[in-house]
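This report is a guided reading for someone meeting the structure for the first time. It follows a few side chains and their surroundings, one topic after another.

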Amino acid sequence: MATLIAPCNHSPQEDAEALHKAFKGWGTDENALIVILGHRNVYQRQQIRTAYEEIFQEDLVKKLESELTGDFERAVYRWILEPADRDAVIANVALKSGKNYYVIVEISSVLSPEELLAVRRAYLDRYKRSLEEDIASHTSGHLRQLLVGLVTSYRYTGDEINAKLAQSEAEILHEAIKEKKGSQEEAVRILSTRSKTQLIATFNYYREIHGTSITKKLLDEASDDFQKALYTAIRCTTNHTKYYEKVLRDAIKRVGTDEDALSRVIVSRAEIDLKIISEVYYKRNSVLLEHAVAKETSGDYKNFLLTLLGKDD
């Protein structure tokens, strides 16, 4: 369930002209930008980009980059991109950070096979290198194997499962992940090739056999990037809405809000399931997500995020 409700009677030409007007004068009319772009779906935003370039012979994305600054600019920039292009940018930023590899896991574990393929194409088109090539150059060892395996996977999306396989692979994962005795390559193989339904069956068998979730106590202060990536892959596969709720909770609760994580979730899920994520957030924290966001952010950035959350009235 999306939080964005876009009008069905918008005119791309009128929106383009209104945006151009907002750029004129001594300062940009940020509120006008939010009112227009914050209420347009992905198809309408692409129509506006096309209309703006046709009318004013200028790339709207580049214009926004030059007129806006800070967290507001980054959020608006990602919002106006097509989803696959946006995820390509997010993946590249994560790789360049040298530490946020879980974002790559998040993208590859949540998206459908076709959506993930579109991201890889968009990455290649934008950066003239493949996503897996950049992953390989930034990582090593088991982490590299897992990330490359996840982004190049094209999983079965049906509902059929192999119960015997689920049971045997639950034990393989227990040995590899929890006991740290088995083959890490086997854990990589299972997590990067099995369908989501098969993996969920495996995780359920794990719980039945061992009486606890496979992610329980998986992470500690000594956990390395590979273990964090395994944890993220399992969480995203099992229940991505709960995973996103935790990302938002951690982003808001940390000392100094993690605006990048906050923007990533709100911008990327506003047209998909942000309403459900917001409900999960309220159940977990007894605080409305929009209230938490309003408390931890300010100015145009706050207004834009609240608009995407459907709370700009």
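In this predicted model, a search of the whole structure finds 5 aromatic pairs. One of them is formed by Phe72 and Phe304, whose rings meet edge-to-face, with 6.0 Å from centre to centre and 75 degrees between the planes. This pair links distant parts of the chain, since Phe72 belongs to helix 5 (residues 70-80) and Phe304 to helix 19 (residues 299-308), 232 residues apart. Phe72 counts as buried, because its relative accessibility is 6% and the limit for that term is under 20%. Phe304 counts as buried as well, at 1% relative accessibility.

Other aromatic residues come together elsewhere, for Phe23, Tyr52 and Phe56 form one aromatic cluster. A ring can also meet a charge: the charged end of Arg45 sits over the ring of Trp79, at 3.7 Å from the centre of that ring.

The nonpolar interior comes next. The largest nonpolar core has 94 residues, and those with the most contacts inside this core are Leu19, Leu64, Ile266 and Val293. In soluble globular proteins, nonpolar side chains tend to be buried together. Which residues does Ile266 contact, leaving aside its neighbours within four places in sequence? The partners of Ile266 are Leu248, Leu274, Val293, Leu305, Leu308 and Leu309.

One position carries an annotation from a record. UniProt, in an unreviewed entry, lists Thr297 under "binding site"; such an annotation may be inferred rather than shown by experiment. Thr297 lies in the loop between helix 18 (289-296) and helix 19. Is Thr297 buried or exposed? With a relative accessible area of 10%, Thr297 is buried, because the term applies to values under 20%. When its neighbours within four places in sequence are left aside, Thr297 is in contact with Leu262, Lys302 and Leu305. The side chain of Thr297 also reaches the backbone oxygen of Val293, at a distance of 2.6 Å, and Val293 is among the residues with the most contacts inside the largest nonpolar core.

Another threonine, Thr232, is found in helix 14 (residues 225-238). Thr232 counts as buried at 6% relative accessibility, and, leaving aside its neighbours within four places in sequence, Thr232 is in contact with Tyr102, Val105, Glu106 and Tyr243. Between Thr232 and Val280 there are 18 Å in space, C-alpha to C-alpha, and 48 residues in sequence.

Two loop residues deserve a look for their backbone angles. Gln57 has a positive phi although it is not a glycine, and Lys128, a residue other than glycine, has a positive phi too. The table sets out their values and places.

| Residue | Phi | Loop between | Relative accessible area |
|---|---|---|---|
| Gln57 | about 50 degrees | helix 3 (42-56) and helix 4 (60-67) | 63% |
| Lys128 | near 60 degrees | helix 8 (113-127) and helix 9 (131-138) | 62% |

Gln57 counts as exposed, and Lys128 is exposed as well, because that word is used for values over 50%. Thr297, by comparison, also lies in a loop but is buried.

Key
Residues numbered from 1 in each chain as written. Predicted model: local features only at pLDDT ≥ 70, side-chain atom pairs only at ≥ 80, totals over all residues. Heavy atoms only, no water. Phe/Tyr/Trp six-rings, centres within 6.5 Å; stacked < 30°, edge-to-face > 60°. Helix = DSSP H or I, 4+ residues; strand = E, 2+ residues; numbered from the N terminus. Buried < 20%, exposed > 50% of the residue type's maximum accessible area, 1.4 Å probe, protein only. Lys NZ or Arg CZ within 6 Å of the ring centre and 35° of its normal. Core = buried A, V, L, I, M, F, W, Y, C linked by side-chain atoms within 4.5 Å. Contact = heavy atoms within 4.5 Å. Polar contact = N/O pair within 3.5 Å; in protein donor to acceptor, adjacent residues only side chain to side chain.
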